[in-house]
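Trainee: Could you take me through one part of this structure slowly? I would like to look closely at the nonpolar core of the protein and what surrounds it.

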Amino acid sequence: MLYIKCPFCGMRSQNEFAYGGDASVKRPELNKEISNNEWDDFVYNRKSLRGKHIELWHHVSGCRQWFKVQRDTATHEIFKTAKMDEQI
Amino acid sequence: MSQAYRIKDKGYINRKKLINFKFNGKNYTGFEGDTLASALLANGIHLIGRSFKYHRPRGFFAAGVDEPNAKLQVLLNGHSEPNVNATEIELVEGISATSQNCWPSVKFDIGAINNLLNKFFPAGFYYKTFMWPKSFWYRIYEPFIRKAAGLGVASIEKDKERYEHKFEYCDLLVTGSGPAGLSSAYAAAKSGAKVILAEDKHRFGGSLLTDDVSIDNLSGKDWADKIISELKEMPNVTIKNRSQVFGYYDHNMLVMFERVGDHLEKKSKFTPRQRLWYIRCKEVILSTGSIERPIVFGNNDTPGVMLASGAKEYMKVYGVLVGTKPLIFTNNDSAYETAIEFKNNGVDPLVIDSREEQNSELVNEAKNKGIKIKFNHAVIKANGYKKVNSALIGELNENKSEYKNTNIVECDCICVSGFWTPSVHLASQSGNKLKFKKEIDAFIPDKSKQNEVTVGAANGDFTLGSTLNAGFKAGTAASKKINNKEIDIQVPNVNEKNHKAHDKFWCSPLPKNIKAKRFVDFQNDVSVTDIEIALREGYRSIEHVKRYTTLGMATDQGRTSNLNGLQLVSNIENKIVPEVGHTTFRPPFTPVTIGTIVGREVGKHFMPTRLTPMHEWHEKNNAIFVDAGAWKRPRYYKIGNETMLEAAKREAKNVREKVGICDVTTLGKIDVKGPDAAEFLNRVYTNAWMKLPVGKARYGVMLREDGMVMDDGTTTRISENHYHMTTTTAQAANVLSHLEYYLQIVWPDLNVNVVSTTEQWAGAALAGPKSREVLAKLFPNIDVSNETLPFMGYKEADLFGVPAKIFRISFSGELAYEINVQSDHGMFMWEKMMEIGKEFGIQPYGTEALSTLRIEMGHVAGPELDGRTIPYDVSLDGMVSKKKDFIGKRSLTKSAFTQSDRQKIVGLIPTDRKTSIPEGSHLVEDKNAKLPNPKLGHVSSSCWSVENNNPFSLAILKNGKNMIGKKLFAVSPLKNKSIEVEVISSHYVDHEGKRVRS
Ligand SMILES: [Zn+2]
């Protein structure tokens, strides 16, 4: 079980959190004309990276804040966590 | 004579307390402090069970977790448990154990014929034999395998014992209380670090209990006792015996299994049997010690053959002689301690040493005591069926591949030692890649992967002096890391005997004329031949050899077999062991009971139960409940002998004709507040929200980005910047996370906050043509006319002193209202509504009637909104705004979603107007078509229409729009039904929706 530092609450066990996927994905702006491919990239296409990865986590059984985690997908090592408006 | 093999005045057992127990139906006695194994051995019992594949007689092979044979079915306190390791379970009054793997009895076992037919059971037997034809599986192969390969019998009784979970945090966890563990824990504890010291056995001390050493002029055991009593005094130290750390997970989370009550004769009601500890620690010191490795020889599985370290432990700790004519077969010095211990107890051993003449301290001591030693010799095979009675030994030639001469020696036990294997399991689990240490011919931990350090024998360090040194060093290093404190520990004076190098002799060659099985893995019955076959058949990777032969795959995780297996492979393949590599260790290190893993999460504690404030009323009024997520909802209220269908029809009819009341507290409720709330809702829902006036409700549908409907519900504008959103019961949590995702990540510029208010409000739906009359009496101070409180209207009012919210919304399709009051007034509201509604014929209705009402109206719910339907599929086209953008809109333009023959919601009635259509049925054109019969759609919801008095269903049907009027078949292979149905509109009742507006 991972040990994750919520930027608001501190160190908590993984079972308090929900995983939210790749944090680098940007939702296309509303009302913007985009191609099917661009839309598919946003909705479906994800790289299954091995190594360092910035991802979203949600502290569902805590402060209910979404935040960013930099984690190695192979070793589970967590390098850094940050609020949504902070840079990693 | 009872306990004939007990040595006088030896061991750490309590001879004042005699304990009665049973084995295979016979009564025996032992002492407090015995294990089941030591007590049986004290009574001269060696034959303990039959082996897994060949049903060969087996006896005790070790004295601890390394035991591969002595797995028993144990009955205690009416609870029967299979595969209990006799060497680990403590003797308690009344315990009753039986052998496994044998039928009809351990002494006469029919399955032993497998032993004679052994050429039919080679490596890969299961893969090769049970292959074809497929139909043989059910009738022949599976029953055969089940009977032949069955280990113990799992109890079918409910487990009455209590199990617990505990979460613990500490600075340092030390796993094992041998010299390495004690010194590490002691040093770290001195700095004030919060330390947990875990020992799997009941006694602390590990090898100090059995090795012939002294520390600061104390015996090993006395020194261990002294350290333990000091540690016990420290408030920052938790000491746990009977506690096995069995799993090492990510981020320094270790899991430990504590036997809390198993050894207690009487325990209180609340004493758990076992406890699971989740320990999150900053640092870990792995002091798990080492396990003796056997040398492989012919018939080495005969009862009476055991590890030399086991024999020594039985003598020193339990005061039990495992034989009176022992043979000691070794390739190293450590087994000489066993020989000397035998001699000290008046028994003459014969030592068979594969090495040339030795003159080390220990060997010389043995010689001086008059112990007979045969150097350059090996045990070729053991003789005897149910017990060893002699051994064939041979004098080895130069390269130890053949024998110069052989002869038979009488013996009643063979104590074997093939040197030591560090217990690296936990280190390996932590992610530590192991490295091969040539000097000890075994793997030890390499670079630390997590915050773990391995110390002592587990690290391949087999001398006490350097182990203690390393322990104190590791402990002070940990304390420095944790508390930044330097601790100065005086390393004690150690007195131990020097050991000379071991011999790389792992397996006795068999002369050509001798036939005997040489076992590598006892628990899974894997012999040298099996490994040879696997290699001959082309298996090269050690992971493949392991799976093909099942080597090391039993519950003992190959503790006594892994390295011998590797050694054999490397010899045959002409490689060195590190080239062969090793297999991966996985948790659990030792078997853990399912009860412990489950803990207290059983029965009603399996998950929390959510009850509405009106629950008690429902109970009193014969509600039959249904689970809706964690909620309990009334399914129907039973009157007399009604069936569920009868009750649902009555309740639904009463709503259509008079007035009904339904507990809708479970609906998800979310407060949406802020100046940008309207804009936010406009983006979240498919329809327009910018112009909803204060005091009005609107139905909304929300999609996922992939265009599938996520949820629906009504949202009401309570005030300028405050909306009250409702969700379905099932999706409440998901919707909240979804909203938070968009507010926090996608559109942080929107000034909106959301919070769940589900539990703040109790809700009751008041539905039926007479509901307005009831409402008027409930709220005499306000105007409830159709003009002032129209469909989708909202009003706040006073319910006899309780503030209430009235929403004119309808799920049933009737004139209806939903009234919310603060949860603690829920019961008051409900009772008031029942009281006032009495004269209008009010009746409560449950979820069955609720479903009936919405299905015949064609209102969609969970079964239609199953994450695979877009709004057009469920006839929500009118809800989709053409003008504005919203979550998921772009997906709706994709070609698959715009095809004219796309699936669509339809209604179904059986052509006989009588037969109910099972939910989940598939719709097909021809019920007799060849399989696979093309599926056109599925039945999502079914009810008995109270309006038309016949069954009615909703279905999602391909090209549904153009199928109205067609006849199809609804087939349910599960219920073995196939019903002819007619496709009609999904709106079966009140097409124009007049009633809700009446
Ligand atoms: Zn938090």
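Mentor: Happy to; here is a walk through the core and then the sheet in chain B. Please keep in mind that this is a predicted model.

Let's begin with the core. The largest nonpolar core has 54 residues, and Leu36(B), Phe60(B), Ile95(B), Tyr314(B) and Phe342(B) are those with the most contacts inside it. Several elements of chain B each supply at least two residues of this core, among them strand S1 (14-23), strand S2 (26-32), helix H7 (308-316) and strand S24 (413-417). The most comes from H1(B), which gives six residues. As a general background, nonpolar side chains in soluble globular proteins tend to be buried together.

Now zoom in on Phe60(B). Beyond its neighbours within four places in sequence, Phe60(B) is in contact with residues including Ala37(B), Leu40(B), Leu41(B), His46(B), Glu67(B), Val305(B) and Met306(B). Another core, of 34 residues, lies apart from the one just described; Leu197(B), Leu231(B), Ile285(B) and Leu468(B) are among its members.

Next comes the sheet. Five strands of chain B make an open, parallel sheet, in the order S17-S24-S18-S19-S20. Strand S17 (305-307) and strand S20 (372-375) of chain B are its edges, each pairing on one side only. On average, neighbouring strands are turned by 20 degrees against each other, direction ignored. Strand S19 (residues 350-353) of chain B pairs with S20(B) in the parallel sense over four bridges, and Asp353(B) stands opposite Phe375(B) in S20(B).

Finally, H7(B) links the two topics: H7(B) supplies at least two residues to the largest core, and H7(B) lies across S17 and S24 of chain B, at about 85 degrees to S17(B).

Key. Residues are numbered from 1 along each chain as its sequence is written. Chains are lettered from A and ligands numbered from 1 in the order in which they are written. This is a predicted model: local features need pLDDT of at least 70, side-chain atom pairs count only at pLDDT 80 or more; totals for chains, interfaces and linings use all residues. Side-chain values use heavy atoms; hydrogens and water are left out. A nonpolar core is a set of buried Ala, Val, Leu, Ile, Met, Phe, Trp, Tyr and Cys residues joined through side-chain atoms within 4.5 Å. Buried means under 20% relative accessible area, exposed over 50%, partly exposed in between (1.4 Å probe, protein chains only). Contact means heavy atoms within 4.5 Å. Two strands pair if DSSP finds at least two bridges between them. Axes are lines fitted to C-alpha atoms, for helices over the stretch in contact, and angles run from 0 to 180 degrees between N-to-C directions.
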